[in-house]
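Please open the model in your viewer and keep the selection tool at hand. The stops below say what to select next and what is to be found there.

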Amino acid sequence: QVQLVESGGGLVQAGGSLSLACAASGRTESMYALAWFRQAPGQERKAVARITWTEGMTTYVDSVKGRFTITRDNTKNTVNLQMNSLEPDDTAVYYCAARTTITGPFNYWGQGTQVTVSS
C-alpha cells in the first residue's frame, strides 16, 4: 500500500504561481511513476504531469507545458508541482497519484487539494 497526502493548494490571481507537494509513505519502493491529475467541476479527471520515480522522466499535457514543472525527491519521498503563469482555466481540484506498474492504471490517490485562479 502507498499513502499520498497533498498540500499547497489555495487561491491565486491569474499570472501568479503556486507549488503543490505530495508526500508518499508506505511501500514507496513499489512506485513506478507518480502524476498530478486535476478535475474541474463537471469535467473528467485528467493527468497534467507525470514523472517516473527512478529515472525522473517527465511528461506534460500540452496546456501546461512551459508553465508547470513536476519534480520528485526520492530521499524525501515527495513529488512537487510548480505552477507558474496560472490561468483561470487551471482552477480545479489537484490530485497526486501513484502507480506501481509500468503500464497499469494509477492505483493510489491522495485526497486532493483545491487550486483556484481568479481573473
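Begin with Y95, which is buried, with a relative accessible area of 13%. Keep in mind throughout that this is a predicted model, and that the residue numbers run from 1 along the chain as its sequence is written.

**The rings around Y95**

With Y95 still selected, add W109, which at 34% relative accessibility counts as partly exposed. Now select F37, which is buried at 10% relative accessibility, and F106, which is likewise buried, at 11%. The rings of Y95 and W109 have their centres 6.5 Å apart and their planes at 80°, so this pair is edge-to-face. Because Y95 lies in strand 9 and W109 in strand 10, the pair ties together parts that are 14 residues apart in sequence.

How many aromatic pairs does the count give? The count comes to 3 aromatic pairs, and one of them is formed by F37 and F106, which meet edge-to-face with 5.4 Å from centre to centre and 75° between the planes. This pair links distant parts of the chain, since F37 sits in strand 4 (residues 33-39) while F106 sits in the loop between strand 9 and strand 10 (108-109), 69 residues apart. With all four residues displayed, you can follow how ring pairs link F37, Y95, F106 and W109 into a cluster.

Next, add R45 to the view and look at where it lies relative to two of these rings. R45 lies over the face of Y95, at 3.7 Å from the ring centre, and R45 also lies over the face of W109, at 4.8 Å from that ring's centre.

**The disulfide**

Staying with strand 9, select C96 together with C22. C22 and C96 form a disulfide, with their sulfur atoms 2.1 Å apart, and the structure holds 1 disulfide. C22 lies in strand 3 (residues 18-26) and C96 in strand 9, so the pair ties together parts that are 74 residues apart in sequence. If you display the torsion about the S-S bond of C22 and C96, you should find a value of about -80°, which means that the disulfide is left-handed. Are these two cysteines buried or exposed? Both C22 and C96 are buried.

**The salt bridges**

Move on to the charged side chains, for which the count comes to 5 salt bridges. Select R67 and D90, whose side chains meet in a salt bridge at 2.8 Å, N to O. D90 lies in the loop between strand 8 and strand 9, and R67 in the loop between strand 6 and strand 7, so the pair ties together parts that are 23 residues apart in sequence. D90 is buried, with a relative accessible area of 1%, and R67 also counts as buried, at 10% relative accessibility.

Keep R67 selected and add E87, which forms a salt bridge with R67, the closest N and O atoms being 3.9 Å apart. E87 lies in the loop between strand 8 (78-83) and strand 9 (92-99), and R67 in the loop between strand 6 (58-60) and strand 7 (68-73), so this pair ties together parts that are 20 residues apart in sequence. E87 counts as partly exposed, at 35% relative accessibility. Adding R38 completes the picture at this stop, for R38, R67, E87 and D90 are linked in a network of salt bridges.

For another salt bridge, select E29 and R27, whose closest N and O atoms are 3.5 Å apart. E29 counts as exposed at 59% relative accessibility, whereas R27 is partly exposed, with a relative accessible area of 47%.

**The largest pocket**

Finally, return to R38, which you met in the salt-bridge network, and show the surface around it. Which residues lie nearest the centre of the largest pocket? They are R38, Q43, K46, V48 and S63, among the 13 residues that line the pocket. The elements that give two or more residues to this lining are strand 4 and strand 5 (46-52). Strand 5 gives the most to the lining, with 3 residues, and the volume of the largest pocket is about 170 Å³.

Methods
Predicted model: local features only at pLDDT ≥ 70, side-chain atom pairs only at ≥ 80, totals over all residues. Heavy atoms only, no water. Salt bridge = Lys/Arg side-chain N within 4 Å of Asp/Glu carboxyl O. Buried < 20%, exposed > 50% of the residue type's maximum accessible area, 1.4 Å probe, protein only. Helix = DSSP H or I, 4+ residues; strand = E, 2+ residues; numbered from the N terminus. Phe/Tyr/Trp six-rings, centres within 6.5 Å; stacked < 30°, edge-to-face > 60°. Lys NZ or Arg CZ within 6 Å of the ring centre and 35° of its normal. Disulfide = S-S within 2.5 Å. 1 Å grid on protein atoms, 1.4 Å probe; cavity = no way out; pocket = protein on both sides within 12 Å on 5 of 7 lines; lining within 4 Å. Points joined across faces, edges and corners; volume = space filled by probe spheres on them.
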